[in-house]
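Hello,

The structure is below, with the sequence. My notes on it follow.

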Amino acid sequence: MKEIENLLRENIKTIKPYSSARDEYKEVSENMVFIDANENPFQNGVNRYPDPQQVTVKRKLSELKGINKNQILLGNGSDEVLDLIFRAFCEPNKDEVIILPPTYGMYSVLANINAVALKEVQLTQDFQPDVNAIIEAQDISSKLLFLCSPNNPTANSFEASKIENLIQSFNGIVVIDEAYIDFSSSESWLNRLDEFPNLIVTQTLSKAYGLAGIRMGVCYASEYIISILNKIKPPYNVNQLTQEKAIERLIRLNEVTSEVKSILEEREFLKTELEKIGFVQKVYPSDANFLLTKVDDANLRYNQLIANGIVVRNRTTQTLCENCLRFTVGTKEENKILINTLRKL
Ligand SMILES: *Cc1c(COP(=O)(O)O)cnc(C)c1O
């Protein structure tokens, strides 16, 4: 605990959170009169402020993942969760974070917004963390290390032994971004959260759970880290409609499971068919819901696909991704359209 406290920004160590009206009095019962928050009293379903602690969503997630609800923080997408982590630990114009390109673009955007320096340690040729280089790169101001596993855009998971080695040898906080964990054959690090006080695991409802539009990101960490992030989050950061929709989906988890199963089947179909296309040079193994695919000329193929009404992600400018396109696994029909179009080019 002491060690983690030392990693916090000075102003965060002593910060007093905003106390919202709904924080002060939490018990809601039928016949009480709530005239504490300057709301419009006429009922329309959303005239009251939402639960600032999202108790029902957290209870569902807690049951589902087997994690204590005091070890969960919810955000307006993972993007907000990641931003809160920056603001808790990184002193602007002083601290730095380490990322492993090619990876998710938001880490560097958030570093720039927060005036935090970025150290980049490229993945190895087989898209794995270069453990020795990372350990060598860290110094006293290295506060966060972002491990995206399964990684976007490379689609692979990092080896567990490498991740464990990094959690143990990194002097700051290790953030494992598991946005794609539900498509992966490797185990979530959630199961090992209690072993590592410097570990934060982030997940999201935007991918497998099919709720990108409601914006809900999930952060799992020690009770201590969660209590700090709770103090600095905007009080009503997850709106009422989002909470309701998330609960609805978490209750009908069987739908998520069957959609994921179908996406995984389609991923195999798409891989097999892509490999038969003449100008496709390589389809990388995927632990996610997309396929990184090397073609002869990514810019040319990207533009041809656009001309045919198909939008894919061109990753050719990313390090180690020369001439690579990223295809999200779609519905059966969408995947057929993609393959048929590629065949015609
Ligand atoms: C899509 C994605 C997210 C999800 O972000 P949200 O803000 O929760 O929608 C997080 N991390 C990675 C690596 C992603 O690709």
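Three buried residues, then the ligand

Ser149 is placed in the loop that runs between strand E4 (142-148) and helix H8 (160-169); helices (H or I, at least four residues) and strands (E, at least two) are DSSP runs, numbered from the N terminus. The model is predicted, so local features need pLDDT of at least 70 and side-chain atom pairs count only at pLDDT 80 or more, while totals for chains, interfaces and linings use all residues. Residues are numbered from 1 along each chain as its sequence is written, and side-chain values use heavy atoms, with hydrogens and water left out.

Ser149 is buried, at a relative accessible area of 6% (buried means under 20%, exposed over 50%, partly exposed in between; 1.4 Å probe, protein chains only). A polar atom of the Ser149 side chain lies 2.9 Å from the backbone nitrogen of Phe158. That is a polar contact, meaning a pair of N or O atoms within 3.5 Å; within protein, one must be able to donate a hydrogen and the other to accept it, and residues adjacent in sequence count only if both atoms are side-chain atoms.

Gln54 is in the loop between helix H3 (21-24) and helix H4 (55-65). Its relative accessible area is 0%, so Gln54 is buried. The Gln54 side chain reaches the backbone oxygen of Pro52 at 3.1 Å.

Val295 belongs to strand E9 (residues 290-295) and is buried, with a relative accessible area of 1%. Its C-alpha atom is separated by 59 Å from that of Phe42, 253 residues away along the chain.

Now the ligand. The residues that surround it number 13, and the closest are Tyr180, Thr204, Ser206, Lys207 and Arg215 (a residue counts if one of its heavy atoms lies within 4 Å). This shell divides into 4 nonpolar, 5 polar and 4 charged residues (Ala, Val, Leu, Ile, Met, Phe, Trp, Tyr, Cys and Pro count as nonpolar, Asp, Glu, Lys and Arg as charged, and the others, Gly among them, as polar). Helix H5 (residues 77-89) supplies the largest share of the shell, 3 residues.

Three side chains have an N or O atom paired with the ligand:
- Ser78, 2.7 Å from a ligand oxygen
- Asp177, 2.7 Å from a ligand nitrogen
- Arg215, 2.5 Å from a ligand oxygen

Taken alone, the ligand exposes 390 Å², of which the protein buries 93% (Shrake-Rupley method, 1.4 Å probe).

Regards
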